[in-house]
Amino acid sequence: MEFLPEALEQYVEQHTTGETDVLQQLNRETNAKVMMPRMISGHLQGRFLAMMSKMIKPKAILEIGTYTGYSGICLAEGLQEGGTIHTIDINEELEDLVRSYFDKAGISHKVQYHIGNALEIIPTLEGPFDLVFIDADKVHYANYFDQVIDKVTIGGYILTDNVLWSGKVLDTKQDKDTAAIVAFNKKVMDNPRVETVMVPIRDGILIARKTV
Ligand code: SAH
Ligand code: CA
């Protein structure tokens, strides 16, 4: 579901810097060959993530939900010299594709790619992280937040994707994923350790800045 009328969506994209050739190729290849290609961040959200990362200038990023690597490549654009991005995905079938695109994007030396269940991998990562991107299975969003919050630097950011869930967050009768996202949004909003802004880009991104 698009929240903006198509003509405005196009106007927004026309006033957003284009994808690099590598990202455009990855976008095409994901759409042609991979299951559920609508999960990819894509042009506008990708540029938003890259811009956020360039503003934050993180030394260490944690991404939960690599998929085909698109968002990770975008987030890595803002890394400080010598910085690292950890990215986790449970789907080992995407490994070769993902690694080939990290190579093409010239970021393989900055990436720690973990294949497995994020719930098990996050506790093994030391941090601290200046930027976390939560974008894996929605039922565990709240668990991911709890697992990472102590590993985020004061003044660091947790970005979470799909927080509007195609608008289903307003439904009175909610399926499991919707209920999990609604509970997550409330939990973060009520957490005194973070200040938040919900941004209605694509499917909604919640920006939480850790203050204490
Ligand atoms: N961030 C990507 C899209 C991620 S799609 C982008 O914007 O382009 C969500 C991903 O989460 C899928 O690839 C799925 O395999 C992964 N995932 C689902 N459950 C997971 C889990 N428990 N641990 C790690 N990854 C998981
Ligand atoms: Ca997503």
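User: Before the metal site, what counts as a donor here?
Analyst: Donors are N, O and S atoms within 2.8 Å of the metal, or 3.2 Å for Na, K and Ca; water is not among the atoms, so sites may look incomplete. This is a predicted model, where local features need pLDDT of at least 70 and side-chain atom pairs count only at pLDDT 80 or more, while totals for chains, interfaces and linings use all residues. Residues are numbered from 1 along each chain as its sequence is written, chains are lettered from A and ligands numbered from 1 in the order in which they are written, and side-chain values use heavy atoms, with hydrogens and water left out.

User: Which spacing do the donors of the calcium ion follow along the chain?
Analyst: For the calcium ion (ligand 2), the spacing is D-x25-D-N. Asp135 and Asn162 link distant parts of the chain, 27 residues apart. Asp135 is in the loop between strand S4 (129–134) and helix H7 (141–148), and Asn162 in the loop between strand S5 (152–161) and helix H8 (176–190). Helices (H or I, at least four residues) and strands (E, at least two) are DSSP runs, numbered from the N terminus.

User: And what coordinates the calcium ion?
Analyst: Asp135 (OD), listed twice, Asp161 (OD) and Asn162 (OD1), at 2.2 to 2.7 Å.

User: Asp135 and Asn162, buried or exposed?
Analyst: Asp135 counts as buried at 14% relative accessibility, and Asn162 counts as buried at 10%. Buried means under 20% relative accessible area, exposed over 50%, and partly exposed in between (1.4 Å probe, protein chains only).

User: Switching to ligand 1. Which residues come nearest?
Analyst: Ser41, Gly65, Ser71, Asp89 and Asp135, of the 20 residues around ligand 1. Being near takes a heavy atom within 4 Å.

User: What about side-chain N or O atoms around ligand 1?
Analyst: One in Ser41 is 2.6 Å from an oxygen atom of ligand 1. A nitrogen atom of the ligand is 3.2 Å from one in Asp137, and a nitrogen atom is 3.3 Å from one in Tyr144.

User: Does Ser41 come up elsewhere? What does the side chain of Gln45 contact?
Analyst: The side chain of Gln45 makes a polar contact with that of Ser41 at 3.2 Å. A polar contact is a pair of N or O atoms within 3.5 Å; within protein, one must be able to donate a hydrogen and the other to accept it, and residues adjacent in sequence count only if both atoms are side-chain atoms. Gln45 lies in helix H3 (residues 42–56) and counts as buried at 1% relative accessibility.
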